[in-house]
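Colleague: I am new to this structure and would like a close look at a single part, the second largest pocket. What lines the second largest pocket, and which residues lie nearest its centre?

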Amino acid sequence: MLDSDAVKGWLVWGRRQVRRSASALRDRAETGLHGPHWLSVLSVVLVFFAWWFVHAFALVPEVLLPGPGEVGATFIDILRNGYRETTLWQNSAATLWRCGAGFLLACLTGVPLGLAMGYRPRVRAACDYIVQFMRPLPPLSYLILLILWLGTGDASKIALLYLTAFPIVASSAMAGVWTTKLERIQAARALGASETQVFRYVVFPSALPLIFTGGRIALAAAFSTVVAAELMAATDGLGWMVFSASRFLRNDVIIIGIIVLGILGMVLSRLVLVLDSRIVHWRGVE
Amino acid sequence: MSAIPALGSLWRALGERRVTAVSVLVVMLAWVGATEGGLVDDLFLPSPSSLWDGFLDLVENGYKSRTIWEHAGLSLERVLSGFVTGALVGTFLGLAMGYNRKVEAFFSPLIEFLRPLPQLAYLVLLIVWFGIDETPQIILLFLTALPVSAIAAMDGVKGVSVLRMQAARSMGASEWQVFRYVVFPSALHEIFTGARLAVGVVYATLIAAEIIAGSTGLGWMILDAGRFLRSDYVFVGILAIGIMGLLLDRLLLAIEHRVVHWAGRD
């Protein structure tokens with residue numbers, strides 16, 4: 001769920017710690033694979049082989065673990081005909097839409113607030129305790145309240161994802177501002193930059209790498225929360241599909257749901273990585 | 001008379017905390033005003049007094065035959081058993097992956113797939129396989145902690161300065177000694193960082209798991225109270241969950257400071 005750079009960005013909270021480990025925050029933007037590729041292929045093949053083996057020799061009942069063949073057939077069936085009147089595309093789209101809406105709203109509000117909190121001690125004093133209170137709360141714990149307040153529709157889910165992503169995004173934007181080197185701000189001021197210019201051309205670019213790191217963590221958190229929320233109260237979405245399939249012992253559908261979710265999760269985190277290396281091309285270059 | 005200037009200087013000495021104090025006060029006043037003033041129904045947002053009553057009730061009488069302490073204890077037990085097993089296996093795996101590229105190449109596809117996968121997705125499968133008692137929840141938490149710890153340990157080993165390893169080797173350290181006295185202590189900081197992260201994720205996952213498929217524990221208590229519209233219990237439960245999560249994190253941080261006292265002094 002979290003990468004090494006994210007680990008550092010996430011845990012580095014105190015101002016002094018941020019300065020101290022600013023160098024440690026230089027990210028590996030590419031988490032490329034090291035070592036022989038054939039071994040990676042081998043491990044994937046082995047997993048599939050073990051699956052086939054267990055199935056072929058009926059080591060566990062068919063109901064509990066359908067074979068790769070059946071799962072493949074069901075996959076094509078769900079793609080064409082759908083599962084209980086919703087196709088795989090519709091379910092994936094519903095999940096991604098909720099996740100994206102909550103995440104984008106959190107970015108739109110959390111980043112400016114975090115920047116302000118990092119830049120203006122007064123803003124931080126007024127808002128920080130709220131963010132820090134929300135940060136360690138497991139999001140699902142207040143889902144029930146949101147359902148109580150906003151109903152069981154999309155509003156409560158989007159609000160949940162918003163609240164999941166918001167403290168992460170805001171804290172990382174705040175920490176990002178702190179990584180700005182004081183000498184740079186002073187240099188810009190000495191050269192006659194206005195306050196807005198200092199913020200626009202010095203502070204903001206310095207904060208951007210950590211903002212992206214925070215965005216990546218927040219997106220991952222929102223993605224795993226959306227599935228949990230759909231398990232609880234939804235009529236579409238991948239989480240709903242998996243949960244509903246478990247009620248009817250359709251383990252083939254569950255396995256497809258898990259594989260699709262895993263792939264979607266990997267694609268999402270890759271997407272942010274690519275955006276990150278495109279936009280924040282100065283990451284790690286000092 | 002002299003008390004007022006003293007208070008004034010105290011007020012000034014508080015600095016930025018004044019803003020925090022005012023902000024907390026405003027939020028509290030809004031809460032009290034909205035609930036006691038009857039703007040919001042007690043059903044949606046309990047007033048401070050009914051929250052306190054709810055807390056006392058949970059401590060004394062409990063919720064569905066268990067007190068709040070028992071629910072918290074059950075949750076904590078699950079978190080710890082899942083976290084300890086997952087973190088131990090994950091750390092060993094991560095150390096091996098960081099140390100040996102072949103091991104890394106072999107396990108990284110599995111870890112990379114498991115990592116971004118929403119944990120709750122495979123909870124459903126685990127429940128179908130193992131029933132709805134403790135087993136699937138503990139396996140779920142094990143699988144949650146494992147990739148987080150493994151990646152942290154792997155990065156820790158990879159971050160060890162080559163100079164130090166070479167220095168130890170040139171002074172005649174055996175491969176095991178290099179690992180025991182150079183690689184492991186250098187990686188320990190990252191391992192602890194990973195452990196703190198893992199505890200956070202495991203905790204959030206457990207609450208979710210209890211909400212979806214539990215019959216005891218804080219997460220279940222919240223869900224069940226929510227179904228009966230007892231929002232005072234829900235609020236107490238949320239606060240308890242938040243405080244317990246914070247304490248877990250602080251505990252690990254304290255252990256880390258004790259054990260890895262050399263961190264950050266390179």
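Modeller: What follows describes that pocket and then a helix packing.

This is a predicted model, in which local features need pLDDT of at least 70 and side-chain atom pairs count only at pLDDT 80 or more, while totals for chains, interfaces and linings use all residues. Residues are numbered from 1 along each chain as its sequence is written, chains are lettered from A and ligands numbered from 1 in the order in which they are written, and side-chain values use heavy atoms, with hydrogens and water left out.

The second largest pocket (an open set of points on a 1 Å grid over the protein atoms alone, where a 1.4 Å probe fits, with protein on both sides within 12 Å along at least five of seven lines) has a volume, meaning the space filled by probe spheres set on the points, of about 1100 Å³. Its lining has 25 residues, of which Val47(A), Ile258(A), Leu110(B), Phe113(B) and Leu114(B) lie nearest the centre, a lining residue being one with an atom within 4 Å of a point. Two or more lining residues come from each of α3 (37–56) and α12 (251–279) of chain A and α5 (101–114), α6 (119–130) and α7 (134–158) of chain B, where helices are DSSP runs (H or I, at least four residues) numbered from the N terminus. By class, the lining divides into 25 nonpolar, no polar and no charged residues, with Ala, Val, Leu, Ile, Met, Phe, Trp, Tyr, Cys and Pro counted as nonpolar, Asp, Glu, Lys and Arg as charged, and the others, Gly among them, as polar.

Turning to the packing, helix α6 (residues 121–134) of chain A meets helix α2 (residues 17–36) of chain B at an angle of about 40°, with their axes 8 Å apart; axes are lines fitted to C-alpha atoms over the stretch in contact, and angles run from 0 to 180 degrees between N-to-C directions. α6(A) and α2(B) are therefore oblique to each other, since angles under 35 degrees count as roughly parallel, over 145 as roughly antiparallel, 65 to 115 as roughly perpendicular and the rest as oblique.
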